[in-house]
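Please open the model in the viewer and keep the sequence panel visible beside it. The tour below proposes one selection after another and describes what is found at each stop.

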Amino acid sequence: MIKIKECADCGKEFEMDTSARFKRKYCKKCSAERKKAWANQWKVKAEDLDD
């Protein structure tokens, strides 16, 4: 079953499959951005962080 849901980041509506094992919280665009940020988190240096 398909359900219309609002993206937690941008607020845009997207279609979500309710029978999926893991329910989506984000639209495809925001999901891709988060995945890219997660994959590159090891590149962050200690000097880049705030105190």
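In which segment is lysine 45 found? Select lysine 45: this residue is found in the segment after H1, where helices (H or I, at least four residues) and strands (E, at least two) are DSSP runs, numbered from the N terminus. Residues are numbered from 1 along each chain as its sequence is written. The model is a predicted one, in which local features need pLDDT of at least 70, side-chain atom pairs count only at pLDDT 80 or more, and totals for chains, interfaces and linings use all residues; side-chain values use heavy atoms, with hydrogens and water left out.

Lysine 45 has a relative accessible area of 52% and is exposed. In this tour, buried means under 20% relative accessible area, exposed over 50%, and partly exposed in between (1.4 Å probe, protein chains only). Add cysteine 10 to the selection: its C-alpha atom is 28 Å from that of lysine 45, with the two positions 35 residues apart along the chain as their separation.

**The whole chain**

Next, display the entire protein as a cartoon. One helix and two strands make up its secondary structure, and the pattern along the sequence is β-β-α. Along the principal axes, the C-alpha atoms fill a box of roughly 45 × 20 × 15 Å. The radius of gyration, taken over C-alpha atoms, is 15 Å, whereas a compact globule of 51 residues would have a value near 10 Å. The globule rule is 2.2 Å times the number of residues to the power 0.38.

Switch to a surface view. The accessible surface comes to about 5,000 Å², and 52% of that area belongs to carbon and sulfur atoms; accessible areas come from the Shrake-Rupley method with a 1.4 Å probe, and for residues only the protein chains shown count as cover. Of the 51 residues, 10% count as buried.

**The nonpolar core**

Which residues make up the largest nonpolar core? Select Cys7, Phe14, Met16, Cys27 and Cys30, the five residues that form this core. A nonpolar core is a set of buried Ala, Val, Leu, Ile, Met, Phe, Trp, Tyr and Cys residues joined through side-chain atoms within 4.5 Å. In soluble globular proteins, nonpolar side chains tend to be buried together.

Centre the view on cysteine 27. Apart from neighbours within four places in sequence, cysteine 27 is in contact (heavy atoms within 4.5 Å) with Cys7, Cys10, Lys12 and Phe14.

**From the core to the strands**

Move on to lysine 12, in the loop between strand E1 (2–6) and strand E2 (13–17). Lysine 12 is partly exposed, because its relative accessible area is 46%. With neighbours within four places in sequence set aside, its contacts are Lys5, Glu6, Cys7 and Cys27.

Glutamate 6 is the next selection, and this residue lies in strand E1. Its relative accessibility is 51%, so glutamate 6 counts as exposed. Beyond neighbours within four places in sequence, glutamate 6 is in contact with Gly11, Lys12, Glu13, Phe14 and Lys25. For a distance check, pick arginine 24: the C-alpha atoms of glutamate 6 and arginine 24 are separated by 9.9 Å.

**The loop before the helix**

Is serine 19 buried or exposed? Select serine 19, in the loop between E2 and helix H1 (28–39). Serine 19 counts as exposed, because its relative accessibility is 56%. Finally, add glutamate 33: these two residues are 14 residues apart along the chain, and their C-alpha atoms are separated by 24 Å.
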